[in-house]
Amino acid sequence: MTSVFIRRISSIALSGICLAAPFAAEAKESAVKLVVNREPMVTIVMAKDAPEFSLKAAESLKTYIQKISGADVVIVNDPTKVATPGKIWVGSHPDLAKAHPDVKLDFSNPEETLIQTSGPDLILAGRDRVGANGSQLEGGTNLAVMAFIEDQLGVRWLWPGDLGTDIPKEESIQVAPMAQRYTPQLRLRWINMANAGRDYRSMNDAGRANMAKGISNPEQWVSEKDRATRQWLNNHHIDAPPTKEAVNCMAGSLGNFRARHVSYGWYERYGKEHPEYFAMQMDGTRTPYPAPPYAKLCVSHPAVADIWIKNAKAFFESNPDATTFEAAENDRGWEGYCVCENCLAMDDKNGEILERNLKWKGVEKPFYSLTDRYTKFWNQIARRLKQEFPGRDVNVSTFAYHPTRPGPSIKMEENIIPAFIGLERRFHNRNSQEHTLAQREMWRKWWEAANRRNVLIWRPNIIYKNLGLPYIFTARHAENMRFLADHGLAGIYFGNSGGHWAIQGPQLYLHAKLAWDPKKDYKQILADYYERAFGPAAPYVAQYFQLFEDLHIKLAEQYKGQIYSIYADPPRLYREARQDDQPATARLGREGVVKNRQVEEKAAALLAQAENAVANGGKIYQDRVAFLKVGFAFIQAQLDSIESGNSYVESPTPENKAKFDQAVARRDALLLSQINTPAVNAMNIWREWAGAQPKVIPAKKRQKEEKKLINDLEA
């Protein structure tokens, strides 16, 4: 008889920490038998009125026990109907306390979970909260069940879909005596990968035409794709931001966090009658710069706070379970801030000089941080908000972003939740060790301003505009997560993740695991990932991804201090995989460096070794190595497209244009062949490529641009 046997542990719960220690040696508890020789020894018991995610958890538990052992475990509401020796209690139940009076069944912490054996029974429960509108706000029971399926039953969700799901096969399953409580530190866990709908809606006509070649009903297809991605995220105790199609729950007890810019739409609503509500420009006018959709506010004007309070009050009254309302300044974060006398008087004139100049129409100049100005505004509305809703958890959400990224010199009110948009990782010129340490110090100042409480959200655009290329930075990501977790981290919002699983798989998997436990050993996570996914090929696959991680670290130092634009420069990114290590000094292939495919050749050799390692057995491993090869084929095709595009930009001849078009056509054919797999997200590629592909620039404009770049670099 084979069996799954889990080590016996007892645990003490702390916020975000689970301390485990062995039971005393003389303990007489015996293993809880779930399945013996494919026969169920337990019945799942849950309340008839269990909330949505508890019901889903029970079905998941039943499904995975059956997939592991073949046993069909029954789900019942009435424990007196149970015919098996034991029960698995899923969530709260009217009879649970009577059946197990010695088990502590109250949950005082947000999303607190319990996994405990008691006699022949297993208890999987947690803090569940359902909102006034019926949507589930906390799903501790679901979190406990999914943790049990992964940690005790040994299931792994490596990437979305059947190929990425690794399920052990055992005829018998038994669980050693255990009592484990856990409260996640992160109360917000968003990883924005369920965005197929957004990608489809944002695509241009060419992208939609590509989609039509492989998908007959795009609207239905993207909806199903997003549901599958959300299921993968939920399996890992996380979620994506809520949409019209999905009610958010597994993203944490702060899952309704309002991550928005406050003044979108304000100018359209108030600008005509009250231009004085908006930022005074350098020319003395109140005309928004660069355009009305990006209007900045005059936060010293009393009516601005009044309007914010009015809008927030209406929102909270209409949404009785909401906890945050946004007060972050508008996007286009380096432009158009107020220079009226009253706003300037709110500033710390000795504040940190910003990393980039601020801009107004016809004016660009260095400026100090505006953080104190906005913190004073946020403090004012935060105090008023508490007065409006005494006894209720209502908070001001905002961004530490661009001119407000440096930490404030004054304390924040307790009901302000800032989201720090820094430590982005993906952009080369922001990934040097020096820049990372500087950004950590900014974060530390926010933590000090928050009286060292866990209220800070990390919101990097962590894999933004990556064009499906191998941005791998697992070590630095884990190091940052540990630092932030030790200094006030309350949540994460990883925006704009393309979900290219055959290219960035370990990176995306690690993001999910550290969102649940930011202090977990990342090396153990990755070792388990490679072993479970690739078996005998694991060492070669690990080296393959490490090759690209080493390149990313090298380029971070190489590009240190250089000017970079996420909108103009993506075609240059990872072109260095085929270049030497001379620092770039301009854009779009005009670096003047010698071609060198050493990294690419090493990567191909490692994949060949991985393929050889699984050639004589283990079809699942063969299929997964083949999955990686699809990703590498795309990397090569994308680099071909970028390289030929840059050649066309440098020399816009008909011949070069034809080569460019042919390279893109080959790449798109590969994407179309894989559109129903999670290997590469075709829609994301087509959407991003539309705004990033190389374009011919007139000679005079190009020369002017290059001259300015070089002057800026020299300065």
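In this predicted model, helix 12 (residues 474-485) packs against helix 13 (residues 501-516) at an angle of about 15°, and the two axes lie 10 Å apart. Helix 12 is therefore roughly parallel to helix 13, since angles under 35 degrees fall in that class. The crossing of helix 12 past helix 13 is right-handed. On the helix 12 side, the contact is made by T474, H477, A478 and M481, which meet Q507, L510, H511, L514 and A515 of helix 13. Sorted by character, the residues of this contact comprise five nonpolar, four polar and no charged.

Stepping back to the whole chain, the protein has 20 helices and 24 strands. Of its 715 residues, 58% are buried. Among contacts with a separation of 6 or more, 72% join residues 24 or more positions apart.

How is the nonpolar interior organised? In soluble globular proteins, nonpolar side chains tend to be buried together. Here, the largest nonpolar core holds 175 residues, and those touching the most other members are L34, L61, I88, W308, W458 and F534. Helix 17 (residues 619-650) supplies the largest share of this core, with ten residues. A second core, separate from this one, has 14 residues, among them A251, A328, A419 and I457.

L34 deserves a closer look, as one of the residues that touch the most other members of the largest core. With residues up to four places away in sequence set aside, the contacts of L34 take in E39, P40, M41 and V42, then I88, L122, F148 and L153, and finally I173, Q174 and V175. I88, one of these partners, is also listed with L34 among the core residues that touch the most other members.

A further site worth visiting is A71, located in the loop between helix 1 (52-69) and strand 7 (75-76). Is this loop residue buried or exposed? A71 counts as buried because its relative accessibility is 0%, and the cut-off for burial is under 20%. Beyond its neighbours within four places in sequence, A71 contacts V35, R38, E39, P40, I65 and Q66. For one of these partners, R38, the C-alpha atom is 4.9 Å from that of A71, although 33 residues separate the two along the chain. Two of the residues in contact with A71, E39 and P40, also appear among the contacts of L34.

Terms used: Residues numbered from 1 in each chain as written. Predicted model: local features only at pLDDT ≥ 70, side-chain atom pairs only at ≥ 80, totals over all residues. Heavy atoms only, no water. Axes fitted to C-alpha atoms, helices over the stretch in contact; angles between N-to-C directions. Helix = DSSP H or I, 4+ residues; strand = E, 2+ residues; numbered from the N terminus. Parallel < 35°, antiparallel > 145°, perpendicular 65-115°, else oblique. Left-handed = near helix turned anticlockwise from the far one by under 90°. Contact = heavy atoms within 4.5 Å. Nonpolar A, V, L, I, M, F, W, Y, C, P; charged D, E, K, R; others polar. Core = buried A, V, L, I, M, F, W, Y, C linked by side-chain atoms within 4.5 Å. Buried < 20%, exposed > 50% of the residue type's maximum accessible area, 1.4 Å probe, protein only.
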